[in-house]
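Here are a few short exercises to work through with the model open in your viewer. Try each task before you read its solution.

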Amino acid sequence: MLYPGWFDEETTSNPYKDAIEAVDIGGFPLLPGRPNKWLYDFFEARFGNMNVTYRIPEPDRYFAEDSARIALMGTYLGRYDDLTLAASLGPGRDEQYLQRFQLGTAGWYHTPLSTTEKKSIERNAIREVRHCAIGVHHSGSQVRVITHLYDVKSVRLVKRCDMTIEQAGKLDSANIDEYWLFELGYARSLAQPVSLPIRSFRFQLTNAADLLVATNWESLPKRYALLA
């Protein structure tokens with residue numbers, strides 16, 4: 001038991017000392033700014049040298065890693081309630097697939113599991129994604145642009161060969177690699193499209209609120225960046 005009590009711990013003994021030594025049940029005073037010597041000595045006697053500096057993990061790590069406990073039914077474990085996957089759409093897609101992204105009527109987006117693993121993004125962080133914002137190329141433009149923010153209805157891992165042309169934009173029946181498949185829902189138009197380079201693939205986690213006011217890729221803040 002810990003309680004807020006003040007003692008001269010250098011010259012007196014813990015009043016619970018006999019009980020602690022007999023049955024390991026007792027109490028220790030604990031106050032901020034105090035050395036709390038009795039508690040310190042108790043831990044040092046059982047665990048050894050306490051003069052060890054431990055690196056405190058960043059908060060992102062706790063939300064991305066698998067929980068040691070199962071959450072209660074109906075609860076949500078995550079750091080961000082509007083986590084957004086912002087990425088660029090690769091070339092070679094079916095024309096209708098591309099047009100759906102241009103018009104804001106797309107139903108699916110996919111990206112290789114290897115992409116997120118190379119960026120050291122935990123799987124739980126991807127499963128936390130609630131929105132997608134995909135940059136596509138429009139005819140005559142020198143950049144890709146994100147014009148819509150999609151709600152994400154579901155996120156799951158599937159083999160590339162199991163995706164339909166509607167889901168992936170082209171078939172790849174020989175590819176057994178795992179991909180993240182995002183089922184997209186309602187799409188809202190951005191007041192100001194977000195531009196990104198046309199010649200390189202871009203991928204990051206950000207927030208919907210920030211994306212709605214951004215004008216270019218560089219202005220988007222990165223979320224879970226500390227995991228990389």
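Buried means under 20% relative accessible area, exposed means over 50%, and partly exposed is what falls in between (1.4 Å probe, protein chains only). Keep in mind that this is a predicted model, where local features need pLDDT of at least 70 and side-chain atom pairs pLDDT 80 or more, while totals for chains, interfaces and linings use all residues. Residues are numbered from 1 along each chain as its sequence is written, and side-chain values use heavy atoms, leaving out hydrogens and water.

**Exercise 1.** Find Q142 and decide: is Q142 buried or exposed?

*Solution.* Start with the secondary structure: helices (H or I, at least four residues) and strands (E, at least two) are DSSP runs, numbered from the N terminus. Q142 sits in the loop between β5 and β6. Next, take its relative accessible area, 67%. That makes Q142 exposed. Finally, check the C-alpha distance to S195: 9.7 Å, with the two positions 53 residues apart along the chain.

**Exercise 2.** Work out the strand order of the sheet and say which strands stand at the edges.

*Solution.* Two strands pair if DSSP finds at least two bridges between them. Reading across, the 6 strands run β4-β7-β6-β5-β3-β8 in an open sheet with mixed pairing. β4 (108-112) and β8 (203-207) each have a single partner strand, so they are the edges, with one side of each lacking a neighbour in the sheet. On average, neighbouring strands are turned by 35° against each other, direction ignored. Now zoom in on one pair: β5 (131-137) and β6 (144-159) are antiparallel over 5 bridges, and H131 stands opposite D151 in β6.

**Exercise 3.** Describe how helix α4 lies on the strands.

*Solution.* Axes are lines fitted to C-alpha atoms (for helices, over the stretch in contact), and angles run from 0 to 180 degrees between N-to-C directions. Contact means heavy atoms within 4.5 Å. Helix α4 (95-103) lies across β4, β5, β6 and β7 (178-196). Against β6, the helix runs at about 120°.

**Exercise 4.** Characterise the surroundings of T116.

*Solution.* Locate T116 in helix α5 (113-118). With 1% relative accessibility, T116 counts as buried. Leaving aside residues up to four places away in sequence, T116 touches I121, I126, W180 and F203. Its side chain also reaches the backbone oxygen of L113 at 2.8 Å.

Notes. Polar contact = N/O pair within 3.5 Å; in protein donor to acceptor, adjacent residues only side chain to side chain.
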